[in-house]
Amino acid sequence: VSKQYIAVTSSIPKQDQAVIDLPIGRSPSAPSTFKVDASGKPAQTTFTVLDQNDHEALVRLQPKTGRTHQLRVHLQYIGAPIKGDRVYGGEKADRLYLHAHQLELTIPEGKRTTFTAEVPPEFTKHFSYKGEW
């Protein structure tokens, strides 16, 4: 399975692209949340900044693992939380600016299939990005 997400972050990541390879575990002080934790389970996310403005970025996220809240925890850890993420520190917004854009998998007949959901227009209204997702 290959997954691709699009997000708007509340600040600009220090790198234009990177692999975040940090384990994630349950937060003992708030058990319904998670954090980067050396004793947690392996988690890996690749991100690419597609565009940015003065204070936020439009990013592509590709998780290699599927930990609960992985994308949100990893972006918070690198100092670029997702806009609208009240749990992991994103600036207030009308919604969580995380969108499941593409899912690629092999269906039971053995055929590789890609499912795509268009990126909502509110994700790009403050950016000039017109490239490929």
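Before I turn to the pairing of strands, let me say what I mean by it: two strands pair if DSSP finds at least two bridges between them. What you see above is a predicted model, and with that in mind I would like to begin with one hairpin of strands and work outwards.

Strand β5, residues 44–52, and strand β6, residues 57–63, pair in the antiparallel sense over 7 bridges, and within that pairing Thr-48 of β5 stands opposite Arg-60 in β6.

These two strands belong to an open sheet of 6 strands, with antiparallel pairing, whose order is β2-β5-β6-β1-β7-β8. At its edges stand β2, residues 17–21, and β8, residues 112–116, and because each has a single partner strand, one side of each is left without a neighbour in the sheet. From one strand to the next, the twist averages 20°.

Now to the helix on this sheet: α1, residues 70–77, lies across β1, β2, β5, β6 and β7, and runs at about 65° to β5. The chain as a whole has 2 helices and 8 strands, following the pattern β-β-β-β-β-β-α-β-β-α along the sequence.

Turning finally to overall dimensions, a compact globule of 133 residues would have a radius of gyration near 14 Å, and the chain, with 15 Å, agrees with that. Buried residues make up 40% of the chain, and of the contacts with a separation of 6 or more, 60% come from residues 24 or more positions apart. The chain exposes about 7700 Å², of which carbon and sulfur atoms supply 49%.

Note on methods: Residues numbered from 1 in each chain as written. Predicted model: local features only at pLDDT ≥ 70, side-chain atom pairs only at ≥ 80, totals over all residues. Heavy atoms only, no water. Helix = DSSP H or I, 4+ residues; strand = E, 2+ residues; numbered from the N terminus. Axes fitted to C-alpha atoms, helices over the stretch in contact; angles between N-to-C directions. Contact = heavy atoms within 4.5 Å. Rg over C-alpha atoms; globule rule 2.2 N^0.38 Å. Buried < 20%, exposed > 50% of the residue type's maximum accessible area, 1.4 Å probe, protein only. Areas by Shrake-Rupley, 256 points an atom, 1.4 Å probe, with all protein chains shown as cover.
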